Amino acid sequence: MNQNHRANDADENSPPPYRAENPSIAIIGCGPRGTSVLERIAANAHLIAPDERPDIHVIDPYPVGAGRVWRQDQSPLLWSNTRADECTLFTDDTVTCQGPAVEGPTLEQWARDLAAGRLDLPPGYQPAPGTREEAGRVHAGWFATRKLTGDYLAWCFWRSVAAVADRAHVRTHQASVLSLGDVPDGRQRVRLDDGETLDVDLVILAQGHFQVKPHGPEPRLAQHAAAHHLNYQPTAYTSDISLDAFPAGEPVLMRGFGLTFIDIMVLLTEGRGGRFCREPSGELRYIPSGREPTLYVGSRRGVPYRSKFAYVLPGPPPRVPRYFSPADFADHSLDFASDVWPALARELTVAGYRELAHSHPHRLGVDAGDFLDRLDAAQWQSPEFKDLIEQAVPDTRDHIDVDGLDRPLENRRFTDAAALRAWMLHYLADDLERGRNPRYSAHLAVYHAIFSISQALWAVVQRGEVEPGNGSHSMTAFFDFCRFRTSGPPGPRLEQLLALARAGVVDFVGANMKVTCRGSVFEARTSSLDRVVQARALIEARLPGRALTRVADPLLLHLIGEREIREQVQTDPTTGRRQPTGLIDTLGARPLGPDGSAHPRRFVTSPGDFPRPRTNDPFLHQSDAVAREALHALVEARSGAPHVHGGS
């Protein structure tokens, strides 16, 4: 690494670097990941570094705990996409990390305790305005606002500060980091955009989802929009954009049908004064304010992700994996489509059918026990397997189809827009019913099985000997399928989409949406029907993709420019094709430079979804591993005794 050439990179007119006498750690980024790492440092410090009293500097331009995504200064109309009872930042007895489990409340439990006045408020934390009011409405199936979730994260942060107070001093910096460099004694010089410079022993990068520059067709579309006075919004996080430029009554093309679309849909309708009301029949109706644009939505699939479930499994959770074992794939290269996909598909399919047999045996055409025995014995997709399903599961609504289920518009062609609209309304209503009615709990079992299988699959993928393949059974397609099944909107959002479509505020463009520029308009075409939709406004209703080659974060730009980090790539063992991942390449938790050397004083975390309680969540594994490795390195840095890495 470049040990000395940036030792004096602070501006000559700036204050001298802060240099504590105590050992010191800087955590850069303090959303859920940085907060989780701090909590794990607090849990492990007395075991690994009992004689140290470090200064811990927590640096983030946004409020600590909440960070950028969950900050409290955003619209209360924006919700978390995960049920309150499925959000936690704490370990429990299911988490197989090396550090001690320190249990804490889920978001739901925290809200209930706050509303009841029995929650301990650590020093530094005060509930934001409106938090107690919403907390009083929270229940197990509640989808909290992002503001409330951010308040929970802030409480988690300050609780961790209090937990480590007798062993460390935590100092917060609401700033961005501009550069990171080595000084001659091995310390790390961290330069902030507020003019302060810190010299610390170790640095942990916990920035989560970093900013990226526009790519692909976005710069060209932006230039065309500027030249023709059109409205164009490239990919971005919803809370970071302004929608004021999109006028009422005008058509707006929206490319993307995921959660970003749902956010923008709500802000451009209810956020502009429209109201949802319940008819005596039970149907949700939308009453426009007159300030809404007309939204024409399309995407690659042409449909939104599957909605979240509003109930819990009536039967036992699926025992997964049954058939998929990393040991079965050891010591040889694999083709994902032919070797891995069949085992995964069998796991998910059987999980659904076992739930059907346990909780709804009356819907089977054969004895439930006999069905399960024959299901286990049959080879995947063999004639015996297919005959069994046809005989034992007569209602097609109970069929578990993991092959093509996430592409419902594939090979469908409609005569006109009215036919597409009718199909979409039926599809959305059917999906809403599936998420509400425990009759469909077999599909909920598949949802749980996807999470349960992830660790075994990751163990295989991490070996780097899996050919990702192409097509509908490739590794990319499988992960895409998993996101489609598990990362959809809350059911109430899907019901609002239905109401908006019935009110004529939302219309559907179809699948494989392509947008072109034609003079003073954007034009959208799809494979679903022969129609061209024109509009003077286009919103890329998608999240920016991760790519270090397009990073806009000043610190990461600096580290790339100084050749301090490189991007992790997946290599196809057969073709040698290299696929960037958007992640910083590491050895353990230490970042690797282009020459493959690991930095001894820096650690990197990866972004991840909100941890789920009692699932042995990998998010918590990584936070614990990084915290323990950093504490070991801190002891090493202060004592000069080498630490055997990997034994944290």
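**Exercise 1. Work out which residues line the second largest cavity and what kind of lining they make.**

The second largest cavity is lined by W79, S80, N81, R146, L259, I262, D263, P489, P490 and R493. This is a predicted model, where local features need pLDDT of at least 70 and side-chain atom pairs count only at pLDDT 80 or more, while totals for chains, interfaces and linings use all residues. Residues are numbered from 1 along each chain as its sequence is written, and side-chain values use heavy atoms, with hydrogens and water left out.

Step 1: pin down the term. On a 1 Å grid over the protein atoms alone, a cavity is a set of points where a 1.4 Å probe fits but cannot get out, and lining residues have an atom within 4 Å of a point.

Step 2: get the volume, which is the space filled by probe spheres set on the points, with grid points joined across faces, edges and corners. Here that's about 80 Å³.

Step 3: find the main contributor. Helix α6 (residues 259-267) gives the most to this lining, with three residues; helices are DSSP runs of H or I with at least four residues, strands are E runs of at least two, and both are numbered from the N terminus.

Step 4: sort by class. Ala, Val, Leu, Ile, Met, Phe, Trp, Tyr, Cys and Pro count as nonpolar, Asp, Glu, Lys and Arg as charged, and the others, Gly among them, as polar. The lining then splits into five nonpolar, two polar and three charged residues.

**Exercise 2. Now describe the largest cavity in the same way.**

Step 1: count. There are three cavities of 30 Å³ or more, and the largest has a volume of about 130 Å³.

Step 2: look at the walls. Its lining has 14 residues, with G208, R546, I584, V604 and T605 nearest the centre.

Step 3: sort again. You should get eight nonpolar, five polar and one charged.

**Exercise 3. Take three salt bridges and say where each partner sits.**

Step 1: set the rule. A salt bridge is a side-chain nitrogen of Lys or Arg within 4 Å of a carboxyl oxygen of Asp or Glu. The structure holds 43 of them.

Step 2: try E495 and R436, whose closest N and O atoms are 2.6 Å apart. E495 belongs to helix α13 (residues 491-502) and R436 to helix α10 (residues 417-436), so this pair links distant parts of the chain, 59 residues apart. For burial, use under 20% relative accessible area as buried, over 50% as exposed, and partly exposed in between (1.4 Å probe, protein chains only). E495 is buried at 9%, whereas R436 is partly exposed at 42%.

Step 3: go on to D507 and R531, which meet at 3.7 Å, N to O. D507 lies in strand β16 (residues 506-510) and R531 in the loop between β18 (521-525) and β19 (533-535), so the pair ties together parts 24 residues apart in sequence. D507 is buried at 15%, and R531 is partly exposed at 22%.

Step 4: finish with E523 and R518, again with closest N and O atoms 3.7 Å apart. E523 is buried at 4%, but R518 is exposed at 55%.

**Exercise 4. Explain why C97 has no disulfide.**

Step 1: apply the cut-off, a pair of cysteine sulfur atoms within 2.5 Å. The structure has zero disulfides.

Step 2: check the distance. The closest cysteine sulfur to that of C97 is in C156, 16 Å away, so it's too far for a bond.

Step 3: add the setting. C97 is buried, at 16% relative accessible area.

How values were computed:
On a 1 Å grid over the protein atoms alone, a cavity is a set of points where a 1.4 Å probe fits but cannot get out, and a pocket is an open set with protein on both sides within 12 Å along at least five of seven lines; lining residues have an atom within 4 Å of a point.
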